[in-house]
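Notebook open, coffee poured. Today I want to look at the inside of this protein.

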Amino acid sequence: MKVHTSHSYSATPARVVEVMTDPETLQLKYTALGHRDIHIVEHVVRADGSITVRSKRSVPMEVPGFAKRFLSPMNTVEQHDEWNPPAADGGRTGTWRVTASGVPVRVGGDLSVQPDGAGASVVVMSGEVGCSIPIVGGKLAAFVGADVERTMHAEEEFNTNVLSRPPTKRRTR
């Protein structure tokens, strides 16, 4: 199953990527989404501007009867986002991947943030949800794909809220 979302933010690409990769903001976002046991496993900003973020968390899910053999009401997921260095106009591309412990589903794809020419940005996430289990694999991938898209939209709403406020200055220690 293919997943896709496109969302505009009233902020520059640099600010959008900052919000989408900041460990404190990610903790707040995942908590707001009802996730538990949230750990930002890796957050690396390289000299060239590329960014790696890996998080691990427990994600609740309402599991239909056909999927109870493969999914739990609470699944441990690990997300790995890779952002390439910014282009001259501030836009970026990257990849995302989500794996769930013990779940036979592959989820991942491409992401980009591009300036819209008026001081705002457009974030596009697209990907594929696949499952190789005979008979129920397509149905399981479709169920997980719908949940992935629901989560993408909830994350967009959270990010819009954060980006509507002025950035806070961080204290240095």
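First, the term I need: on a 1 Å grid over the protein atoms alone, a cavity is a set of points where a 1.4 Å probe fits but cannot get out, and a lining residue has an atom within 4 Å of a point. A volume is the space filled by probe spheres set on the points, with points joined across faces, edges and corners.

Notes to self on the source: this is a predicted model, where local features need pLDDT of at least 70, side-chain atom pairs count only at pLDDT 80 or more, and totals for chains, interfaces and linings use all residues. Numbering runs from 1 along each chain as its sequence is written, and side-chain values use heavy atoms, with hydrogens and water left out.

**Entry 1: cavities.** I looked for cavities of 30 Å³ or more and found two. The largest has a volume of about 390 Å³. Which residues lie nearest its centre? I noted Val77, Val98, Asp147, Val148 and Thr151, out of 22 lining residues. Helix H3 gives the most to this lining, with six residues. (Helices are DSSP runs of H or I with at least four residues, strands are runs of E with at least two, and both are numbered from the N terminus.) Strands S3 (51-60), S4 (74-83) and S5 (92-100) also give two or more residues each.

I sorted the lining by class: 14 nonpolar, five polar and three charged. Here Ala, Val, Leu, Ile, Met, Phe, Trp, Tyr, Cys and Pro count as nonpolar, Asp, Glu, Lys and Arg as charged, and the others, Gly among them, as polar.

**Entry 2: the second largest cavity.** I get a volume of about 210 Å³ for this one. It has 21 lining residues, with Met20, Lys29, Gln79, Met125 and Glu155 nearest the centre. By class I count 10 nonpolar, six polar and five charged.

**Entry 3: the core.** The largest nonpolar core (buried Ala, Val, Leu, Ile, Met, Phe, Trp, Tyr and Cys joined through side-chain atoms within 4.5 Å) has 39 residues. Buried means under 20% relative accessible area, exposed over 50%, partly exposed in between, with a 1.4 Å probe and protein chains only. Val16, Leu71, Trp96, Val105 and Val107 touch the most other members. Helix H3 (residues 137-163) gives the most to this core, with eight residues.

I checked Leu71 too: leaving aside neighbours within four places in sequence, its contacts (heavy atoms within 4.5 Å) include Met61, Val103 and Phe143.

Key. 1 Å grid on protein atoms, 1.4 Å probe; cavity = no way out; pocket = protein on both sides within 12 Å on 5 of 7 lines; lining within 4 Å.
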